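The following exercises concern the packing of helices and the lining of a pocket. Please examine the structure shown below before reading each solution.

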Amino acid sequence: MNTNLTDKVILLTGASGGIGSAIARAFAAEGARLVLHYHRNLAGARNLQRELARVEPLLVRADLTKESQVKHLFALASKRYHRVDTLVANAGSWEIRDVPLYKMPLKQWQGTQDGVLTSTFLCVREFFRLVAKQKRGNAVLIGSTAAVFGEANHADYAAAKAAIAFGFTRTLKNELSRLAPHTRDYCGGRINCVCPGWTVVPRSAEKLRDAGTIRKVTATMALPQMGRPEDIANAVVYLSSDALARHVTGQTLVIAGGMEGRLLWQPEEIDPSAA
């Protein structure tokens, strides 16, 4: 199917990470124009830029918790392409260590809210300001299964992602459709959220080296295998396409092999090498 994403301008935050880079590759394969944001991983961002040189992506560094830097990011994108068709808000922070709530420092809680929720707010707000002028645009926000099922010892992350996946996405679908209204030849502005489950990326590599962890994680899935970055990227491309997802907005799509909040497999039924 034709996504009609050729020459569409995609601003992708957190592009240098495992999921972010897969999303960038998927859009490049569709012929989209890319604005690739990164914060600290300059080497990863430059490698991705070189890999996707055929679409001449614009690489921009920004701390998305800083209002001025978010404004600068969108200003550079607008200067280069004169518009942004799709925002993919993928960037976010996650504390690798398990920290139960009763031991969680306020600094960690506030840092996660800033790194996950506030950064998304600032990016979406700036994008909406562009949409108000363009009268067109859609957004895909990246949540997490932690938003849906919770995640023990990561209450800060689960709370921030839940705000994005539900209250934020479902509220903004009504605002965006007024900024970019439906017309005879345009579906209207759309915003959706993708919630990945456990995915094979560098950030989770340490934990996924343990067969016991794999058994524990996949035991809650109807499809007992780890997600791949490409699984998330394919969904993001679909939701970004006005041709394929023209009547889809305000939705939260969970990509986690049919994960539930209960055991679906006994540990001995899982083959870690096949997961």
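**Exercise 1: a helix pair**

Helix 3 passes helix 4 in a right-handed crossing. The model is a predicted one.

Task: Determine how the axes of helix 3 and helix 4 are related, and which residues meet.

Solution. Step 1: the axes of helix 3 (residues 67-81) and helix 4 (residues 106-134) come within 10 Å and cross at roughly 40°. Step 2: helix 3 and helix 4 are therefore oblique to each other. Step 3: from helix 3, Glu 67, Val 70, Lys 71, Phe 74 and Ser 78 meet Leu 122, Cys 123, Arg 125, Glu 126, Phe 127, Arg 129 and Leu 130 of helix 4. Step 4: by class, this contact of helix 3 with helix 4 comprises 6 nonpolar, 1 polar and 5 charged residues.

**Exercise 2: a second helix pair**

Task: Classify the crossing of helix 1 and helix 8, and describe the contact by residue class.

Solution. Step 1: helix 1 (residues 18-29) and helix 8 (residues 229-240) have axes that come within 8 Å and cross at roughly 50°. Step 2: helix 1 is therefore oblique to helix 8. Step 3: the crossing is right-handed. Step 4: the contact includes Ile 19, Ala 22 and Phe 27 of helix 1 and Ile 232, Val 236 and Ser 240 of helix 8. Step 5: the residues of this contact divide into 10 nonpolar, 2 polar and 1 charged.

**Exercise 3: a pocket**

Task: Describe the second largest pocket and its lining.

Solution. Step 1: the volume of the second largest pocket is about 230 Å³. Step 2: 15 residues line this pocket, and Lys 8, Arg 136, Asn 138, Tyr 186 and Asp 242 lie nearest its centre. Step 3: the lining has 4 nonpolar, 6 polar and 5 charged residues.

Technical notes: Residues numbered from 1 in each chain as written. Predicted model: local features only at pLDDT ≥ 70, side-chain atom pairs only at ≥ 80, totals over all residues. Heavy atoms only, no water. Axes fitted to C-alpha atoms, helices over the stretch in contact; angles between N-to-C directions. Helix = DSSP H or I, 4+ residues; strand = E, 2+ residues; numbered from the N terminus. Parallel < 35°, antiparallel > 145°, perpendicular 65-115°, else oblique. Left-handed = near helix turned anticlockwise from the far one by under 90°. Contact = heavy atoms within 4.5 Å. Nonpolar A, V, L, I, M, F, W, Y, C, P; charged D, E, K, R; others polar. 1 Å grid on protein atoms, 1.4 Å probe; cavity = no way out; pocket = protein on both sides within 12 Å on 5 of 7 lines; lining within 4 Å. Points joined across faces, edges and corners; volume = space filled by probe spheres on them.
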